[in-house]
Amino acid sequence: MLTLAAQPRDVSGPDRRPHAVVIGSGFGGLAAAVRLGARGYRVTVLERLEQWGGRARVHRRDGFTFDAGPTIVTAPFLFEELWRLCGREMRDDIALVPMLPFYRIRFEDGQSFAYSGDRAAMRAEVARFSPEDVPGYERFMAHSEAVCRVGFEELGHVPFGNLPTMLRIAPDLLRLSGHRSVYDVVARFIRNERLRTIFSFHPLLIGGNPFRASGIYCLIAHLERQWGVHFAMGGTGRLVEGLAGLIRGQGGTLRCGADVARIRVEGGSATGVVLAGGETIPADIVVSNADSAFTYGTLLGGATRRWNTRRLNRASSSMGLFVWYFGTRRKYPEVDHHTILMGPRYRGLLRDIFERKHLAEDFSLYLHRPTATDPLLAPPDCDAFYVLAPVPNLAGGQDWARLAEPFRQRIARALEDSVLPGLTASLATSFVTTPQDFADDFLSFRGSGFGLEPVLTQSAWFRPHNRSEDVANLFLVGAGTHPGAGLPGVLSSARVLDSVVPDACVPA
């Protein structure tokens, strides 16, 4: 682990540091830029949109502030380490508030489960649903801890650039049930069906189907209990602003409206990028935080050896996301910061989304009310919300220009009938994001919300590598590479660069 803080550079002469270009300013790209700057690179971050953050951009409408994407901060030490690399403390810039409970899971009949990191409270919640499952729950959490220790703490920042590395951990994968689905692993310990749902839904947070995602992702339960679930005051966008400030403090450059058309390759090595307007930016190394399928299929033309167009088309993408952002002219103090509203079906709905690519009549929802913690994100006596519904990605062929408003209205009725009475009459602002927007704004392959689906055959060595196996001096970070989606995943992908990017050698 790199711990040396970047030293102030001499600005009296020309900057002769090796140049690193980072494509995209999502959390993976920003974290990569900080780490490369700390290792002596001159860094330029290129963002095609008009603000930093990628999926973590911020919407400001009618006095309301909405985080567009990530809302849950786990493993905050991964952020804290970035500040320390710059000789600073994160707490001086960012206030993280722990959530209690982490989230409330509500079933269609109104029964709810307060999910937290408090061991006694969690045992009591499990006992309310099924007293005989308390011992099984304890065994599951012990299993989750073992998986987290190997899958996240030991291997989350380790590059899987060759097959022998994968083969060495294969026994651990089998021992930790990596070949089973998350749901199957949970079902080995817990018998109550609602508790099985509660402890198996976590892969949805990173774009996976609990009935197909590798059992390795059972680690999330312990990861949350170990490091907590937090919210950044001012919204997740404050973290984006903080990282951008660190990059500038290192002498790096961030450019918005810089649309990369292709990665320039000469003699099998990346030598820079070409922008859509024709500008060429030379670089010693290129780091892509773009969707990995877009990196290989478009920025490299789909002609690479391993991740060619044919293979990308055969790959399985994560689900799509429908997100409705809205503000209300009243407050809903009884609604938690994070609420998960389970629909009438679990397995069947996920089959519709992931396998049939069918937009069903029913849905499950994640409701985010950030003003429960930070009232300044809305005007006085108002609340800000977003509600997210997992939906098929664009491989389902849905016409979201036609479907978006009827689907939003169905969600509004469901919320009004359950946790937000009087919602429609109290709306102050409202807009949506669909899988088509993910494709258009973030160049996400098939409009998926999280890149490649996190199944075993698309994890670790089977995922696009952090150091490209096709093009020298090209590196990948973000949800589409190892270790995967979610804030801990994309921040860990940047940590991998410490192992695979050569040290910066400044000319004498």
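**Cavities**

I began with the enclosed spaces, taking a cavity as a set of points on a 1 Å grid over the protein atoms alone where a 1.4 Å probe fits but cannot get out, and by this rule I count 4 cavities of 30 Å³ or more. This is a predicted model, in which local features need pLDDT of at least 70 and side-chain atom pairs count only at pLDDT 80 or more, whereas totals for chains, interfaces and linings use all residues. Residues are numbered from 1 along each chain as its sequence is written, and side-chain values use heavy atoms, with hydrogens and water left out.

I then turned to the second largest cavity, whose volume is about 50 Å³, a volume being the space filled by probe spheres set on the grid points, which are joined across faces, edges and corners. Its lining (residues with an atom within 4 Å of a point) includes Leu 349, Ile 353, His 358, Asp 362, Phe 363 and Phe 407. The elements that contribute two or more residues to this lining are α12 (347–356) and β17 (383–391); helices here are DSSP runs of H or I with at least four residues, strands are runs of E with at least two, and both are numbered from the N terminus. I sorted the lining of the second largest cavity into 9 nonpolar, 1 polar and 1 charged residues, where Ala, Val, Leu, Ile, Met, Phe, Trp, Tyr, Cys and Pro count as nonpolar, Asp, Glu, Lys and Arg as charged, and the others, Gly among them, as polar.

**Largest pocket**

For the open spaces I used the pocket rule, an open set of points with protein on both sides within 12 Å along at least five of seven lines, and noted that the largest pocket has a volume of about 290 Å³. Of the 16 residues that line it, those closest to its centre are Glu 108, Met 342, Gly 343, Phe 363 and Ala 414. Helix α13 (residues 400–416) gives the largest share of this lining, 3 residues, and by class I find 8 nonpolar, 3 polar and 5 charged residues around the largest pocket. Phe 363 appears in the lining of the second largest cavity and also among the residues closest to the centre of the largest pocket.

**Whole chain**

I looked up the overall make-up and found 16 helices and 19 strands in the chain. The radius of gyration, taken over C-alpha atoms, is 22 Å, which agrees with the value near 23 Å for a compact globule of 508 residues, the globule rule being 2.2 Å times the number of residues to the power 0.38. Along the principal axes, the C-alpha atoms fill a box of roughly 70 × 55 × 45 Å. Of the 508 residues, 60% are buried, where buried means under 20% relative accessible area, exposed over 50% and partly exposed in between (1.4 Å probe, protein chains only).

**Helix α1**

I checked α1 (residues 27–38) for length and found its end C-alpha atoms 17 Å apart, which agrees with the 16 Å that its 12 residues should span at 1.5 Å a residue, the expected span being 1.5 Å times one less than the number of residues. Since 12 of the 12 residues of α1 are buried, the helix is largely enclosed by the rest of the structure; Arg 35 is one of these buried residues. Just after α1, Gly 40 takes a positive phi of about 100°.

**Cysteines**

I searched for disulfides, defined as pairs of cysteine sulfur atoms within 2.5 Å, and the structure holds 0. Cys 86 is in none, and the nearest cysteine sulfur, that of Cys 256, is 19 Å away. Why is Cys 148 in no bond with Cys 218? The sulfur of Cys 148 is 11 Å from that of Cys 218, the closest cysteine sulfur, and this is too far for a bond. Cys 86 is buried at a relative accessible area of 18%, and Cys 148 is buried at 0%.

**Backbone notes**

I went through the backbone with the reminder that most residues other than glycine have a negative phi, and most peptide bonds are trans. A cis peptide bond with omega of about -5° joins Leu 100 and Pro 101, and Pro 101 sits in the loop between β5 (96–98) and β6 (103–106). The bond from His 482 to Pro 483 is also cis, with omega near 5°, and Pro 483 is in the loop between β19 (474–476) and α16 (487–500).

Ala 75, in the loop between β4 (64–67) and α2 (77–85), has a positive phi near 50° and is buried at 0% relative accessibility. Asn 473, in the loop between α15 (435–442) and β19, has a positive phi of about 65° and is partly exposed, with a relative accessible area of 29%.
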